[in-house]
Each structure stands twice: as structure tokens, then as C-alpha cells.
Amino acid sequence: GNGLLKKKTLVPGQGVDSRPQKGQDVTIRLKATLEDGTVVEEDPALTFTLGDCDVLQALDLCVQLLEMGEKALIVSEAKYCYGAQGRSPDIPPNASLTLEVELLAARDAPDLELLSGKEKIQLANRKRERGNFFYQQADYVLAINSYDIALRIAGSSSKVDFSAEEEAELLDVKVKCLNNLAASQLKLDHFKAALKSCNLVLEHQPGNIKALFRKGKVLAQQGEYREAIPILKAALKLEPSNKTIHAELSKLVKKHADQRNVETEMYRKMLGNPSSASTPRKCKDKLPWSIPWKWLFGATAIALGGVALSVVIAARN
């Protein structure tokens with residue numbers, strides 16, 4: 001409804017009931033051109049999962065409206081294509097695209113439980129790479145969506161036996177996705193979620209430098225400098241030459257020192273001026289602080305004698 005994405009039917013399809021559903025794997029014929037007519041992409045059989053953001057948003061949104069066999073012309077502004085960054089070297093920044101599309105096939109996505117180890121690794125990696133694309137485009141919401149899908153695939157149960165090497169590769173994909181997920185969540189200030197993602201990585205790989213670094217950053221963003229500093233020190237110990245960790249650690253140490261100074265000043269104001277409180281006030285009594293021992297003993301003897309006399313009088317009465 002904003003005029004940034006338009007679809008025009010060139011050849012009608014087989015009816016509304018033949019439209020594909022989200023989650024299905026669709027195959028289209030695609031030709032993409034710039035406003036000046038330059039062809040930037042052609043694919044006679046592009047296959048992707050509808051609704052998973054595997055392709056341009058313009059395609060993901062419009063293919064849902066195509067009927068089987070329909071040919072359509074889609075005109076899209078940059079927002080639903082390659083955005084402000086474009087795609088080097090053939091698509092400039094903020095470029096509109098014209099997409100000629102024909103829907104060739106639609107079928108249910110494969111059952112994850114029946115995928116072989118190799119197939120599952122390849123599928124999870126495709127989703128992860130799509131997340132990386134969105135991250136580079138600074139579209140962190142869509143990046144998170146793609147990483148979540150990749151994690152769901154990598155962590156799904158299986159009715160097929162995997163080799164030890166395939167299990168290791170799936171774990172590697174999972175760790176990469178969690179690390180990238182934490183980075184995206186951190187960009188959106190979703191600190192609690194980012195901390196959870198980092199901790200999941202560290203459960204599998206306690207010495208993962210990226211996870212340690214990002215966990216330190218998350219804690220620092222929350223003002224938890226005391227907890228963040230030792231985590232960054234642990235990361236730096238694993239990679240002493242890492243300048244990024246060095247810089248972040250130096251910054252946190254300074255912020256922590258400033259924080260302590262502020263707290264100290266706050267406590268000083270709450271408790272009063274310690275410098276004046278620690279100085280003894282001059283005694284206003286007329287008697288000196290130093291009382292002669294003879295006088296003290298004499299006074300004690302008089303007091304005791306008075307007590308004894310009172311006891312005797314009471315006994316006689």
C-alpha cells in the first residue's frame with residue numbers, strides 16, 4: 001500500500017487455489033533489470049523456501065500472490081531489494097529493480113528428520129549465510145530471523161545416523177549462528193537475549209573468543225563492569241594480539257574506575273563529610289582529660305566509704 005512494491009500480471013495462472021503457501025519450496029524463473037534496462041540477474045530455476053527471507057523481500061512478498069504458471073512483472077524500490085548499500089559491483093546503492101517472474105513449481109519442504117547429515121549442514125549454512133547478508137545490510141531483525149531458522153534446522157532431531165564429522169560440522173554451524181545471533185541482538189539492545197546466546201556458545205566452547213568478547217560487551221552495556229572485565233581478560237589471554245579486545249578492555253577499566261569514584265562520592269555525601277567526622281572535637285568540659293591518679297583513688301575511696309556507711313546505718317535501723 002506504500003507504492004514501493006507493485007505487481008502486474010502478464011500471463012494469468014491456474015487460479016487463486018494454486019497459489020503457494022508459506023513454508024513451501026517454490027521454483028521460479030527470474031530476470032532482474034535496473035531502470036536503464038541492464039540485466040543484473042537471470043535464473044531459469046531459482047528455488048527457495050517461501051516466507052524464510054531466502055531471497056529479496058520483493059520476491060518473498062510477491063511470489064505468495066502468484067498463481068501456478070503465472071508470469072508477472074514486479075517493480076520494486078530499493079527498500080525491498082538491496083537497500084542503501086546495493087550489491088557490488090552491478091547494483092548501485094538505492095537502486096530500484098524490475099523483476100520478471102514466472103511461478104514454475106511449489107512443493108512441501110523436506111522433512112528435517114529425514115535429511116542426511118550433509119543435506120542438513122548445507123541447508124543450515126544457506127540460512128546462516130542469508131542471515132549474514134541481512135547483517136551486512138544492517139537489517140538486524142531479518143538477520144535474527146535467518147539465524148533462528150538455521151538454528152532450528154541444525155538442532156532438529158533426526159531419524160538418520162550422522163557420522164562424527166557431520167555432528168562436528170553441525171555443532172560448528174550452530175556455534176556460528178549463535179555468535180552471529182548475539183551480535184545482531186546486541187545491535188538491537190536486546191541484552192538479555194544476547195547474553196543467553198553467548199552463554200549457549202560458551203556451554204559448547206568455553207574458550208570461544210567471539211562469545212567471550214560479546215558477553216563482556218553485553219555486561220558492559222548493562223553497566224556490569226566488574227563482571228565484564230574478567231571475561232574480557234580471559235578473551236585477551238586467549239588472543240593477546242587482538243587490538244579490539246585491548247581497546248574494549250581499556251575502555252571498561254576506565255569506566256569501572258569512574259563508576260567507583262562516583263559511588264565513593266555518593267557514599268561520602270550520604271554519610272557526611274568523612275574529613276570533618278574523623279577530626280575529634282575539643283572537649284568543652286572544665287575538667288582536663290588527664291585526671292591525676294591520686295585524685296581518682298581518693299574519690300574512689302570516698303565513694304566506697306559512703307557506700308559502707310550507708311550499709312551500716314541500714315543494718316542498725
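This report describes the fold, selected residue environments and backbone features of a predicted protein model.

## Overall composition

The protein has 317 residues, of which 36% count as buried. Its secondary structure comes to 10 helices and five strands. Among contacts between residues at least 6 apart in sequence, 66% join residues at least 24 apart.

## Packing of helices α2 and α3

Two packed helices are described by the angle between their axes and the distance between the axes. Helix α2 spans residues 117-136 and helix α3 spans residues 140-154. Their axes lie 7 Å apart and form an angle of about 170°. Angles over 145 degrees count as roughly antiparallel, and α2 and α3 are therefore roughly antiparallel to each other.

On the α2 side, the contact is made by K120, L123, A124, K127, R128, R130, G131, N132, F134 and Y135. Their counterparts in α3 are Y140, L142, A143, S146, Y147, I149, A150, I153 and A154. By residue class, the contact of α2 with α3 divides into 12 nonpolar, three polar and four charged residues.

The loop between α2 and α3 contains A138. This residue is not a glycine, yet its phi is positive, near 65°. A138 counts as partly exposed, at 44% relative accessibility.

## Individual residue environments

G117 is placed in helix α2. With a relative accessibility of 2%, G117 counts as buried. Residues up to four places away in sequence being excluded, G117 touches F162 and E166. The second of these partners, E166, is 49 residues apart from G117 along the chain, while the C-alpha atoms of the two are separated by 5.8 Å.

T49 belongs to strand β3, which covers residues 39-49. Its relative accessible area is 12%, so T49 is buried. Apart from neighbours within four places in sequence, T49 is in contact with G23, Q24, D25, D54, D60 and K127. One of these partners, K127, also takes part in the contact of α2 with α3.

E248 lies in helix α8, residues 243-271. Although E248 carries a side chain of the charged class, E248 is buried, with a relative accessible area of 10%. Its contacts, not counting residues up to four places away in sequence, are with F213, K217 and L232.

These three partners of E248 have positions inside a stretch that carries an annotation. The UniProt record, an unreviewed entry, gives residues 209-242 as "repeat: TPR". Over this stretch the chain is 79% helix and 0% strand. The end C-alpha atoms of residues 209-242 are 10 Å apart.

## The loop between β4 and β5

Strand β4 (71-76) and strand β5 (97-108) are joined by a loop in which Y82 is placed. Y82 counts as buried, at 10% relative accessibility. Beyond the residues up to four places away in sequence, Y82 touches E41, L56, R87, I91, L97, F133 and Q137. The C-alpha atoms of Y82 and A95 are separated by 7.4 Å, the two residues being 13 apart along the chain.

Most residues other than glycine have a negative phi, and most peptide bonds are trans. Which residues does a cis peptide bond join? The bond lies between S88 and P89, with omega at about 5°. P89 is placed in the loop between β4 and β5.

N94 is found in the loop between β4 and β5 as well. Its phi is positive, at about 55°, although N94 is not a glycine. With a relative accessible area of 55%, N94 is exposed.

## Cysteines

A disulfide is a covalent bond between the sulfur atoms of two cysteines. The structure holds zero disulfides. C53 is buried, with a relative accessible area of 11%. C198 is likewise buried, and its relative accessible area is 0%.

## Summary of accessibility

The table collects relative accessible areas for residues discussed above.

| Residue | Relative accessible area | Class |
|---|---|---|
| T49 | 12% | buried |
| C53 | 11% | buried |
| Y82 | 10% | buried |
| N94 | 55% | exposed |
| G117 | 2% | buried |
| A138 | 44% | partly exposed |
| C198 | 0% | buried |
| E248 | 10% | buried |

Conventions. Residues numbered from 1 in each chain as written. Predicted model: local features only at pLDDT ≥ 70, side-chain atom pairs only at ≥ 80, totals over all residues. Heavy atoms only, no water. Helix = DSSP H or I, 4+ residues; strand = E, 2+ residues; numbered from the N terminus. Buried < 20%, exposed > 50% of the residue type's maximum accessible area, 1.4 Å probe, protein only. Contact = heavy atoms within 4.5 Å. Axes fitted to C-alpha atoms, helices over the stretch in contact; angles between N-to-C directions. Parallel < 35°, antiparallel > 145°, perpendicular 65-115°, else oblique. UniProt positions renumbered as here; feature names shortened; annotations may be inferred. Disulfide = S-S within 2.5 Å.
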